[in-house]
Amino acid sequence: TYNAAISALGKGGKWVLVLQLLCLMTEMTIQRNTVTYGAAISSFEMGGLWQHALSMMQDLPQTSIVANQVIHGAAISVCSNAGEWQQALHLLNLMMDAKTIADAVACNSAIGAFEKCGQWRIALQVLNRMSAQQIRCTEITFNAAASACAEAGRWQAAMQVLDLLFHGRLVPNSIICSALSSAHDKGSMWRRCLELLAELPRMQVRPTKLIFSTTLSSCERRCEWQLALSLPGAVVEAAVEADVIMSACAIQACERGRHPLLSLELLTSLGQDA
């Protein structure tokens with residue numbers, strides 16, 4: 001069937017052939033259905049053809065077809081991956097306002113676009129609306145929202161995301177904790193970086209190289225060299241492999257504290273080649 005062909009071509013990234021098939025269906029007066037629209041719009045994602053996706057969405061009111069979750073979700077995904085966050089938001093609002101029930105997949109896709117484009121406020125708005133409409137958020141939802149806040153250095157907003165995660169009875173992971181650490185760092189909240197690091201065992205989150213690097217760098221840049229020098233021991237204890245950033249920050253902390261002889265000792269403890 002045409003639907004099966006469109007679906008197969010779409011999965012193979014052959015969106016040009018998909019467009020040709022759609023034209024052929026029109027010429028032969030073959031009626032399209034929800035499967036046709038969903039498969040065709042999904043095929044546009046690889047080519048970044050968000051205009052084509054919107055065009056098909058605009059055609060729907062002229063037919064008897066009602067956009068379902070698949071069609072809405074596919075269009076949102078196309079716009080999100082193309083960086084068209086305004087269009088993704090518009091489609092998501094339509095989906096949430098209509099009788100069609102929005103799902104986490106569509107919301108996650110839109111929030112991902114907001115993250116990439118620095119729209120942390122909108123990411124939070126969608127997150128709160130999901131809670132209000134009882135759309136179950138997933139780890140991906142919270143990770144993307146927290147990362148959007150982190151990119152903007154909005155640590156208070158990132159903490160709000162963590163609170164919503166706990167309220168949703170989900171367990172934090174290293175991704176959201178890394179985002180929180182980055183948000184604290186960009187917000188010049190080095191103490192909160194340390195507090196988060198200390199809270200990781202209670203949250204049952206294993207400290208990662210990125211979290212250690214961010215915390216060490218944050219302390220070093222704020223001239224808290226004594227605290228910075230206390231972290232390499234924690235790195236070794238947590239069995240985290242040190243990287244160049246950690247080593248450089250540790251050495252700079254030694255220089256700030258006028259303890260150059262500690263540099264070699266720190267490099268040795270971190271397992272670096274002196």
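Which side chain is joined to that of Thr36 by a polar contact of 2.4 Å? The partner is Asn3, whose side chain meets the side chain of Thr36 at that distance. This value, like the others in this report, was computed from a predicted model.

**Overall make-up**

The protein chain holds 16 helices and zero strands, and buried residues account for 48% of its 274 residues. Among the contacts in the chain with a separation of 6 or more, 63% are made by residues that stand 24 or more positions apart.

**Around Thr36**

Thr36 has its place in helix α3, which covers residues 34-47, and with a relative accessible area of 0% the residue is buried. When its neighbours within four places in sequence are left aside, Thr36 is in contact with Asn3, Ile6, Leu22 and Met25, and one of these, Asn3, is the partner in the polar contact of 2.4 Å described at the start.

**Around Ser80 and the aromatic pair**

Ser80 lies in helix α5, residues 69-81, where it is counted as buried because its relative accessible area is 3%, under the 20% limit. Apart from neighbours within four places in sequence, the contacts of Ser80 are with Ala88, Ser109, Ala110 and Ala113. The C-alpha atoms of Ser80 and Ile111 are 8.4 Å apart in space, although the two residues are 31 residues apart in sequence.

The count of aromatic pairs comes to one. This pair is formed by Trp85 and Phe114 in an edge-to-face arrangement, with 6.4 Å from centre to centre and 80° between the planes. The pair links distant parts of the chain, since Trp85 belongs to helix α6 (residues 85-97) and Phe114 to helix α7 (residues 104-116), 29 residues apart. Are the two partners buried or exposed? Trp85 counts as buried because its relative accessibility of 17% is under 20%, and Phe114, at 0%, counts as buried as well.

**The largest pocket**

The largest pocket has a volume of about 170 Å³. Its lining consists of Met130, Ser131, Gln134, Ile135, Arg136, Cys137, Phe142, Leu164, His167, Gly168 and Leu170, and by class these are six nonpolar, four polar and one charged residues. Helices α8 (120-132) and α10 (155-167) each supply at least two residues of this lining.

**Three loop residues**

Gln133, Arg169 and Gln204 are set side by side below, with the loop in which each is found and its relative accessible area.

| Residue | Loop | Relative accessible area |
|---|---|---|
| Gln133 | between α8 and α9 (139-151) | 34%, partly exposed |
| Arg169 | between α10 and α11 (174-186) | 77%, exposed |
| Gln204 | between α12 (190-203) and α13 (209-221) | 72%, exposed |

Gln133 is partly exposed because its value of 34% falls between the limits of 20% and 50%. The C-alpha atom of Gln133 is separated by 9.1 Å from that of Ile101, a residue 32 residues away along the chain. For Arg169, the phi angle is near 60°, a positive value in a residue other than glycine, and phi of Gln204 is likewise positive and near 60°. Arg169 is counted as exposed because 77% is over 50%, and Gln204, with 72% relative accessibility, also counts as exposed.

Methods:
Residues are numbered from 1 along each chain as its sequence is written. This is a predicted model: local features need pLDDT of at least 70, side-chain atom pairs count only at pLDDT 80 or more; totals for chains, interfaces and linings use all residues. Side-chain values use heavy atoms; hydrogens and water are left out. On a 1 Å grid over the protein atoms alone, a cavity is a set of points where a 1.4 Å probe fits but cannot get out, and a pocket is an open set with protein on both sides within 12 Å along at least five of seven lines; lining residues have an atom within 4 Å of a point. Grid points are joined across faces, edges and corners, and a volume is the space filled by probe spheres set on the points. Helices (H or I, at least four residues) and strands (E, at least two) are DSSP runs, numbered from the N terminus. Ala, Val, Leu, Ile, Met, Phe, Trp, Tyr, Cys and Pro count as nonpolar, Asp, Glu, Lys and Arg as charged, and the others, Gly among them, as polar. Buried means under 20% relative accessible area, exposed over 50%, partly exposed in between (1.4 Å probe, protein chains only). A polar contact is a pair of N or O atoms within 3.5 Å; within protein, one must be able to donate a hydrogen and the other to accept it, and residues adjacent in sequence count only if both atoms are side-chain atoms. Contact means heavy atoms within 4.5 Å. Rings of Phe, Tyr and Trp (its six-membered ring) pair if their centres lie within 6.5 Å; planes under 30 degrees apart count as stacked, over 60 as edge-to-face and the rest as tilted.
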